[in-house]
Every structure is written in structure tokens, then in C-alpha cells.
2 protein chains.
Amino acid sequence: MKKYISTLKRTKLFAGIGEEEIASMLNCLNASVKNYSKKEYVFRQGEYIRDLLLLAEGRLIIQKVDYWGNLSILNEICIGEMFGEAYAAPDSGALLNDVIAAEDSTVLFFDIEKILSLCPSACPYHTRLVKALFYTISEKNRKLVQKLGLMSQRTTREKLLSYLSDEAKKQNSSSFTISFNRQQMADFLSVDRSAMSNELCKMRDEGMLDFHKNKFTLFEEQKI
Amino acid sequence: MKKYISTLKRTKLFAGIGEEEIASMLNCLNASVKNYSKKEYVFRQGEYIRDLLLLAEGRLIIQKVDYWGNLSILNEICIGEMFGEAYAAPDSGALLNDVIAAEDSTVLFFDIEKILSLCPSACPYHTRLVKALFYTISEKNRKLVQKLGLMSQRTTREKLLSYLSDEAKKQNSSSFTISFNRQQMADFLSVDRSAMSNELCKMRDEGMLDFHKNKFTLFEEQKI
DNA sequence: AAAAGTCGGTTGTATTTACAACGGAAAAGA
DNA sequence: TCTTTTCCGTTGTAAATACAACCGACTTTT
């Protein structure tokens, strides 16, 4: 367990907490460890999760298999990332997805009840942990909401307008750079790359925007 | 402030807590109240939220206006619902959407720092509140993830397969009823109703499933 | 410097979807 | 019972998208 403390120090959950404090918290929080071989199931759909989980080593894949056997990859979990927190509530139903080790992996299990219950005398860093937990979930939430806003747009053009508007707001300028290349952008918006490229050029030809590589500039719409 | 205690009692956040305790907690949590007239902005995009908000009276609309002025309704907030929690983290950016009062409304503001900081001696129900907060966000998170899983499917058929599979898993049976009518289902999946209806019938004709009104039955795929 | 690989724009076609409109069945209301 | 409304399946057409393939510019590798 101690060998993972340096990894924990670099996670969002334990950021800014010293190694000795982490060691005492691990104790206080009833943490346990489990190892998984490559391709082994960490959780299967239908199971229940009652812990907060943290990936200490390896890489995990979250995948969904529908009733007819079609598989789709939903997410990838990398070292230091927390997961399962959304299912830790007592009334959350069974897991709808599978979690599989993409490489040999190590998962830390934390008792969510212990984290949320307060032990002010024993752990001075407990409050900090609770806040970090809250902020981490909040951030996930914001990203989900933003992406959902994009995905509910039906056409490629609407998705682009929405995404570019969001970026302009975030960077507080009608001129901004994005971190995606075209393929990543298309994946993020769940559209075809060439169709997206096509649509971007159309919008440029219509005078709505301009771009060079990853730098975009939005123009006021020209009313006729 | 006291007049809202009976409303608070019925919210998820304060469920199971007595009126006297709620009164003392309101004090301890630095709660404040603000009234909004119909059509008034509660928050505008670009502003920062640093509180946890709870709608005590009225109804709110969350809407998005893109750079070119196109408006879309993202969500509706009803009495007793919490909102803004995802933006309460210190490093969360500016709000990307507008929040507008659809009717004359009353909003309660809670200091998120006070909620997450521990005062075990003063408020015995504090732990309960922290847990309720966590579970509420978790639930939102689960719903967002599920919906995002649906929305990332590209075709109407894929969305239907995904949605129906999820329902079968949730209800733990290949035969189940759904609460949506066709129009609501189409709205939920962000597809055209008639196109969806069409696709459902095709799938039925192909022997993948059967349905009568809101009762669906999924069949094993027939391999040719 | 040549070769290989990456990235982004373009094009054509087959497929899929949106949209509008219609009609029948069932439910709700008078 | 008759009328009105709602719900849902169907159809045809126009529009949008996916997909595959190609090309040129640029980068990286050897």
C-alpha cells in the first residue's frame, strides 16, 4: 500500500497533501488494494459498486455491450484517475458497463462512507479531501454537460457552431486556438472528419468565420 | 427565510432533517435569499457562480445562445432542485449559459465552502448534508453519462439499440415497459419522431424485438 | 535528400435522416 | 354516441451525412 503513496500525491484527490498525511489517511479511510491482469474484468455490468476507486497502476477501459452484442468503448481511465464515484451512492442501480484492465493494473478501494463522514480530530486533511472530491466530480459534471450540449445538436454545422461558441466564451475572445487537430475535433463532436472539414470550409466561404490550422476567428453574422 | 423551511424539507438535499435542524443549519451555512421577476436573468453567461443554489419558488430555464445568436433550451429547473453546484469549484471557469426566471422565482444561496468545511460540534446533521450533496451530484453524473452514451451513437438505430439495452439492463429483463411516449422518447434520443418510429418498425420486421405501446421485448439476434 | 507518414481539404456516391403530410386507431371529452 | 384530440405508423422527397478515395503541403525519419 505504501508504494502507491507517491502516485497518490500526484492525483487531484490528494493534491497538496504530504506523504505522511496520506499514509495516515489511507489507514483512516479503510483503503484496500487489488491487482488485475491484462484483459481481466474489474467490474461487470450488473454488479454494484460501493467504493470510490482510484487507478494506481496500468490502464482501464470502460466499455458497453448492448443486448445484441455490439461493443463500444466509452472511456479510458489512466493512472491517478478516480472512477466509480457516480455509482457509490446507496440508491444507484447496477453498473450498465464493463470495466476491463487494458494492461496489468492496480486499483485502490476507498470506503466512500468514511470519506464523507467527518473525523475532524484524527485527520486534519479530511476537509481538504472532501473538497477535492467535490471539485473533481463537479469538473466531470461540467465537461459532461458541455459535451451533452454539443451532442444534442443534430447537424454537423450546429455542433460546430456550438463548440466554437463555447471555446470563444471560454477564451473570452472571438479569436482563439483549440488543442484538437481535425480528427480529434471530429471524434469529440462525434462526426465524420471529412464532412466536418467540408462544413468548416462552407462556413468560412459564407463569411461566418476564418481559420488557419488551430486558430479560429468568428465573425458577426452578416444580415442581408 | 423561515418560510422556505417546509420547501427545503422536501428537497433531496435536506431530506430527513427536521425543521428546527434546518433552521439552525441555514444560519450555520450563511444562507441568503433573492427574488427574481419573470423573464429576469438569474445569471448571465460569462458570470461566475461561487454558491450552491436551490430554487425555493418558481421555475428557471437554462438556455444557451451561441456566437451567432441561435438560442437553445438546455434544461428546466423546478422547485426544490439544486443547481450551479458544478460551477462552485474555485477553478471552474465562467458560466457558458444563461439562467432565466420562467416565472417569478426565489433562489436560496448557500456558501459551498461552509457546506464542505466541517463543524461537527455545531451541526450534527452536517455529515448528512454532505452525503446528500455528494449523492445528488453522483446521480446527475450517472444520468449525464448514460445520456451521453446514447447521444454519441450516430444513427437512430444505434441510439435505439443502446437505449433499449440500457432499459433491459436496468429492469433486468428482456421484456420491459418505458415511461416515455414516442415523442418524448424521440426527444430524449434527439432524433426525429417519425424516423424513429420507422426504424423501430424495421427492427421489429427484422425480428430483433417486438413492442406494443410502451412494452418492449428484445430478442436474441438471429444469425443467418 | 529521399522516403514515409501525418494532416487537412476536396469530391462523388450510397446511405441515412429530417420534414411534412396523411390516415387509422385509440382515448378523451361533450 | 358523436366529436375532438392524441398517438403512432407510413410514405415520399429533399437534405445531410458517412464513407472511401485522392491529393498536396508539411513533418519526421533514416
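Start by selecting helix H7 of chain B, which with five residues makes the largest share of the surface near DNA strand D; helices here are DSSP runs of H or I with at least four residues, numbered from the N terminus. The model is a predicted one, in which local features need pLDDT of at least 70 and side-chain atom pairs count only at pLDDT 80 or more, while totals for chains, interfaces and linings use all residues. Residues are numbered from 1 along each chain as its sequence is written, with chains lettered from A and ligands numbered from 1 in the order in which they are written.

Next, select the 18 residues that surround DNA strand D, the closest being A:Thr155, A:Asp192, B:Arg182, B:Ser194 and B:Cys201; a residue is near a strand if its C-beta atom, placed from the backbone, lies within 6 Å of it. At least two residues each come from H5 (156-170) and H7 (193-205) of chain A and from H6 (182-189) and H7 (193-205) of chain B.

Then move to DNA strand C, where 17 residues lie around the strand and A:Arg182, A:Ser194, A:Cys201, B:Thr155 and B:Asp192 come nearest. Here H7 of chain A gives the most, with five residues, and H6 (182-189) of chain A and H5 (156-170) of chain B are among the helices that supply at least two each.

Finally, superpose chain A on chain B by least squares on the C-alpha atoms of residues with pLDDT of at least 70 in both: a turn of 180° with a shift of 0.0 Å along the axis gives an RMSD of 0.1 Å. The two copies are therefore related as by a two-fold rotation axis.
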